[in-house]
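Colleague: Could you take a close look at one part of this model for me, and set it in the context of the chain around it? I'd like to follow the reasoning as you go.

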There are 2 protein chains.
Amino acid sequence: MNVDIGNALASVASPGVSRESLERLDNHVAAAHERIERGMENQAHGYEALNLPQRTDPDEIRAAVEPIADAETLFTVGIGGSSLGAATITNALESDTETIFLDNVDPEWITSHLERVSLENAAINVVSRSGTTAETLANFLVVREAFESAGVDWTERTIVTTGESGPLRELADRHDLPALKVPDGVPGRFSALSAVGMVAAAVCGHDLEALLEGAAAEAETLSGSLFECPAYAYGATAYALDERGAGVNAMMPYAESLETSAEWFAQLWAESLGKDDLGQTPVRALGVTDQHSQLQLYRAGPRDKLVTFVTAQEGTDRQIPDTDVAELSYLGDATLGELLEAEFEATEASLAAAGRPNVRIEIERVDEYELGGLLYGLEAACVLAGELYGVNTFEQPAVEWAKNATRGLLGGGEFEEAEAVADKTELRVER
Amino acid sequence: MNVDIGNALASVASPGVSRESLERLDNHVAAAHERIERGMENQAHGYEALNLPQRTDPDEIRAAVEPIADAETLFTVGIGGSSLGAATITNALESDTETIFLDNVDPEWITSHLERVSLENAAINVVSRSGTTAETLANFLVVREAFESAGVDWTERTIVTTGESGPLRELADRHDLPALKVPDGVPGRFSALSAVGMVAAAVCGHDLEALLEGAAAEAETLSGSLFECPAYAYGATAYALDERGAGVNAMMPYAESLETSAEWFAQLWAESLGKDDLGQTPVRALGVTDQHSQLQLYRAGPRDKLVTFVTAQEGTDRQIPDTDVAELSYLGDATLGELLEAEFEATEASLAAAGRPNVRIEIERVDEYELGGLLYGLEAACVLAGELYGVNTFEQPAVEWAKNATRGLLGGGEFEEAEAVADKTELRVER
């Protein structure tokens with residue numbers, strides 16, 4: 001990916017960061033890069049994620065999915081990092097295989113999917129490192145039963161990605177299911193370029209080698225200066241802007257195919273950096289759609305936002321047909337792609353004209369190679385930002401409370417958190 | 001809708017609002033309510049939106065859609081307020097009619113929809129008040145041509161919702177298309193309960209009367225005190241929390257069917273209140289999914305957030321099958337609905353335990369009546385918040401710049417904004 005941080009400079013925007021401040025910050029980037037390199041060398045927890053382009057074996061993934069490679073529909077049962085990376089890849093790329101991500105426990109929604117799909121032509125990809133994630137296991141039990149009720153042998157149609165032990169690993173052993181391992185030292189939100197993110201891509205027939213090669217090329221750019229490394233340029237600029245008041249980061253790709261990437265980014269950024277009362281709040285947006293929804297706020301609301309654009313330079317296009325309406329004749333001279341590009345440039349300039357900071361991330365086109373680079377680059381940006389904030393990028397301790405409370409509420413053991421639920425302070429206003 | 005603001009009180013959360021402060025604020029609510037009532041009586045611009053439950057004629061809408069009521073797929077061509085209200089309603093409710101919202105100009109995405117759908121069984125719902133919205137008109141020209149290429153007479157399969165004049169109105173007159181009017185004085189983001197939002201619902205066979213009755217029941221609750229009106233309780237609390245530092249409002253429904261309502265809310269809140277450097281930034285979230293993505297940040301990041309939950313009390317449910325894994329046996333005693341409910345209560349309590357403000361909005365179930373009440377209630381909350389901020393709730397002047405620049409870039413006239421685009425400040429870091 002290429003990054004243009006010109007519109008984040010203090011000469012353009014407020015908040016903005018001056019060139020001099022960026023140069024000072026670059027000393028911290030150099031030190032952070034050393035820590036990151038050492039972490040990668042030592043395969044330290046979290047940093048190991050940046051080694052995935054070398055570690056992941058596409059042949060192993062393809063061999064594991066072989067029994068279900070004929071699936072017309074693939075249910076991926078997983079939540080958070082066990083779903084978003086895979087969804088980002090398969091939603092970005094075209095395939096004849098339908099992919100459904102069961103990342104919520106809504107009964108009506110699950111049922112409607114199970115009723116609509118021809119289960120004899122479907123397969124299941126269940127993903128949970130611990131093998132105990134309540135939502136994922138509940139959904140898997142439901143889906144498995146639906147396959148059984150439809151007369152389909154689920155043991156022939158299920159692939160498991162999980163840790164070395166736990167209920168899912170035992171299940172895979174007992175039923176001789178193809179099973180892949182969640183790599184050690186890689187938190188879920190950083191696992192897109194492992195089996196966690198790539199099983200669905202393999203079933204869809206995408207080019208796994210190109211994904212990893214694009215990521216490896218991005219890894220090559222990691223260096224001790226933000227002025228030489230696109231990923232660090234982005235991470236350092238986002239951090240510097242947050243320090244200067246831009247507590248919100250609106251991720252706004254200009255391509256429908258990249259819509260899920262903004263969701264994936266939102267988890268990466270929120271769960272990695274949101275701790276110790278620090279961290280920029282990611283907002284998922286989409287160009288051009290959100291010009292007609294969020295742009296008013298971005299341009300004229302509080303000066304607390306960085307807008308991050310992601311744009312692809314090339315793609316297939318489509319002519320806008322001519323019209324005899326004079327007022328609209330300018331459209332007939334253009335393609336939809338040209339309209340999209342003009343809207344992007346206009347929106348970027350409209351924020352700059354209002355002194356609102358924004359950054360442009362460019363990829364060549366939406367394909368496996370460029371997507372691998374984008375995912376890797378944003379992960380490296382996040383790791384750098386975590387170093388600059390000084391937070392523990394790779395943990396997410398604040399989610400444990402609700403997990404314990406849920407388990408306690410459902411009778412899965414004694415948890416003091418469950419008791420707190422009953423003590424809720426109420427101030428009800430009713431219709 | 002019912003609202004519980006207990007977890008937004010200063011006794012629970014920081015930032016939080018004390019009961020005494022709410023009582024003082026209630027004087028302003030009383031004054032704001034008088035202005036709102038006067039605006040409604042005078043059918044003043046914007047306030048007129050709150051009269052829609054009385055003004056909208058469901059028979060007129062049903063009569064207009066009659067020629068296309070047999071459609072298996074309905075393309076709604078519109079963007080922003082011309083799409084999100086309709087999408088919120090049809091995505092919330094089940095129907096045999098497939099609805100596709102063409103609210104972006106991405107060429108690959110449009111083409112994939114047009115290639116997949118059987119156009120002889122499809123219909124077009126084109127929505128633009130001015131009849132000149134570039135994205136909508138470009139998409140309409142593309143869709144119309146695709147219908148022609150498929151040998152389908154688009155003039156038999158198109159319904160128009162637009163203003164009294166303009167290119168779309170002329171088109172409807174020339175081809176004798178069924179045409180409905182965007183109501184005067186109602187900004188797009190407040191038009192869900194007019195033809196703009198209800199044509200798609202009518203084609204899907206939803207109960208339009210119930211939508212309006214639910215909204216009318218919510219309108220009945222508008223009164224001079226936030227302690228007696230759920231909509232005002234929500235709007236006043238959100239405003240008070242923003243004043244106290246909660247500049248972000250994460251809207252988190254606990255139902256897949258309400259996912260689009262968070263997008264609709266994001267436009268309502270952002271475009272109405274985001275001006276004069278004021279306005280709370282809406283963030284779209286989804287329970288339980290985002291517990292595994294955003295909860296870490298909401299609970300342990302900066303104290304700048306209100307989390308708004310929306311939860312439905314009733315719905316169809318589904319038993320989680322039993323398992324012989326001891327560690328997971330607690331799941332087999334529960335339903336998916338019970339798991340969803342426990343996760344919601346646990347998440348709400350986990351935020352309260354960390355002193356993070358949150359509000360609960362309850363509806364009885366996801367049906368037309370309750371949905372009408374929810375949409376109306378949130379609109380009224382937004383109008384009240386606008387009064388308290390003292391902004392012009394019903395305009396969106398900051399989006400004009402980019403519209404002019406886009407038009408200029410495409411050769412649609414001379415616009416100084418287009419010239420500014422070429423002057424972009426660059427600081428590029430390339431791979």
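Modeller: Happy to, and let's start with burial: of the 431 residues in chain A, 69% are buried. Bear in mind that this is a predicted model. The chain is built from 17 helices and eleven strands. Its radius of gyration is 23 Å, which agrees with the value near 22 Å that a compact globule of 431 residues would have. Along the principal axes, the C-alpha atoms fill a box of roughly 65 × 60 × 60 Å. Contacts reach far along the sequence too: among those between residues at least 6 apart, 75% join residues at least 24 apart.

Now for the close look, and I would pick A:A215, which sits in helix α9, residues 208-220 of chain A. This alanine counts as buried because its relative accessibility is 0%, and the cut-off for buried is under 20%. Who are its neighbours? Leaving aside residues up to four places away in sequence, A:A215 touches A:P53, A:L193, A:G372, A:G373 and A:Y376. A:L52 shows the long reach in sequence as well: 163 residues separate it from A:A215, yet their C-alpha atoms are 8.7 Å apart.

Stepping back to the outside of the chain, the accessible surface of chain A comes to about 14,000 Å², and carbon and sulfur atoms account for 41% of that. Chain A carries 29 positive and 75 negative charges, and the mean positions of the two sets lie 6 Å apart.

The second copy is worth a look too. A turn of 180 degrees with a shift of 0.0 Å along the axis lays chain A on chain B with an RMSD of 0.0 Å. That is the relation of a two-fold axis. The same surface serves both copies, with 100% of the contact residues of chain A recurring in chain B. Of the residues of chain A, A:V283 comes closest to the rotation axis, its C-alpha being 3.0 Å away.

Finally, some backbone details you may want to check. A:S14 and A:P15 are joined by a cis peptide bond, with omega about 0 degrees, and A:P15 lies in the loop between β1 and α1 of chain A. In chain B, a cis peptide bond joins B:S14 and B:P15. B:Q43 is not a glycine, yet has a positive phi of about 50 degrees; this glutamine is in the loop between α1 and α2 and, at 47% relative accessibility, counts as partly exposed. B:D176, also not a glycine, has a positive phi of about 55 degrees. Its loop runs between α7 and β6 of chain B, and B:D176 counts as exposed at 68% relative accessibility.

Definitions and conventions: Residues are numbered from 1 along each chain as its sequence is written. Chains are lettered from A and ligands numbered from 1 in the order in which they are written. This is a predicted model: local features need pLDDT of at least 70, side-chain atom pairs count only at pLDDT 80 or more; totals for chains, interfaces and linings use all residues. Side-chain values use heavy atoms; hydrogens and water are left out. Helices (H or I, at least four residues) and strands (E, at least two) are DSSP runs, numbered from the N terminus. The radius of gyration is taken over C-alpha atoms; the globule rule is 2.2 Å times the number of residues to the power 0.38. Buried means under 20% relative accessible area, exposed over 50%, partly exposed in between (1.4 Å probe, protein chains only). Contact means heavy atoms within 4.5 Å. Accessible areas come from the Shrake-Rupley method with a 1.4 Å probe; for residues, only the protein chains shown count as cover. Lys and Arg count as positive and Asp and Glu as negative; His and the chain ends are not counted. The place of a charge is taken as NZ of Lys, CZ of Arg, CG of Asp or CD of Glu. Copies are superposed by least squares on the C-alpha atoms of residues with pLDDT of at least 70 in both.
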